[in-house]
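Work through the exercises below with the coordinates loaded. Each task is followed by a solution in steps.

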Amino acid sequence: MTFPEWTKPGVYGALVGAVAVSVLGFTWGGWTTSGGALEMADNFAAEQVTLAMVPVCLGISEEDAERVEILATLREASGFQQRNAMMETGWATLPGTDAPSRDLADACLAELALDGS
């Protein structure tokens, strides 16, 4: 079976076009693989759970008898030391877990507004 002469450039053009569209779609077009979409969904869910738990963190802090001393300690600390101090208080521990959450500690610190703003 013989093909017309014009089919070879047409097939090559179609292949190059398909590769070009794929590259452009995944880099600039916003396309994603199922693994990438799953990772984005997991990250979004974790962020939303953290935001939902901030009122719990603040409630625990309000019920703590040593709140004034702890807040003074948190104000004196700086940067990551402040987050570590928040994690040591136990306020940033999610219910049902043993270890404190770094993300919840950061979010709770932001809501406490320790810098006076």
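UniProt positions are given here in the numbering of this text, feature names are shortened, and annotations may be inferred rather than shown by experiment. Residues are numbered from 1 along each chain as its sequence is written. The model is predicted, so local features need pLDDT of at least 70 and side-chain atom pairs count only at pLDDT 80 or more, while totals for chains, interfaces and linings use all residues; side-chain values use heavy atoms, without hydrogens and water.

**Exercise 1.** Find which residues UniProt lists as "transmembrane region", and state the helix content of residues 12–31.

Solution. The unreviewed UniProt entry lists residues 12–31 under this name. Next, take the secondary structure: helices (H or I, at least four residues) and strands (E, at least two) are DSSP runs, numbered from the N terminus. Residues 12–31 are 80% helix and 0% strand. The C-alpha atoms at the two ends of this stretch are 24 Å apart.

**Exercise 2.** Classify Tyr12 as buried, partly exposed or exposed, and do likewise for Met1.

Solution. Buried means under 20% relative accessible area, exposed over 50%, and partly exposed in between (1.4 Å probe, protein chains only). Tyr12 lies in helix α1, residues 7–27. Tyr12 counts as partly exposed because its relative accessibility is 49%. Met1 sits in the segment before α1, and at 91% Met1 is exposed.

**Exercise 3.** Give the domain bounds and the distance between the domain centres.

Solution. The bounds come from an automatic or database domain assignment. Domain 1 covers 1–31 and domain 2 covers 36–115. Their C-alpha centres lie 52 Å apart. For a residue pair, take Met1 and Ala41: 40 residues apart in sequence, they are 51 Å apart in space, C-alpha to C-alpha.

**Exercise 4.** Describe the largest nonpolar core and name the elements that contribute two or more residues.

Solution. A nonpolar core is a set of buried Ala, Val, Leu, Ile, Met, Phe, Trp, Tyr and Cys residues joined through side-chain atoms within 4.5 Å. The largest one has 19 residues, of which Leu74, Met86, Trp91 and Leu112 touch the most other members. Two or more residues come from each of α2 (34–63), α3 (67–76), α4 (80–89) and α5 (102–112). Helix α5 gives the largest share, six residues.

**Exercise 5.** Find how many salt bridges the whole structure holds and which side chains meet in a salt bridge.

Solution. The criterion is a side-chain nitrogen of Lys or Arg within 4 Å of a carboxyl oxygen of Asp or Glu. The search finds one. Asp106 and Arg83 meet at 3.4 Å, N to O. Asp106 is in helix α5 and Arg83 in helix α4, 23 residues apart. Asp106 is partly exposed, at 34% relative accessibility, and Arg83 is partly exposed at 22%.
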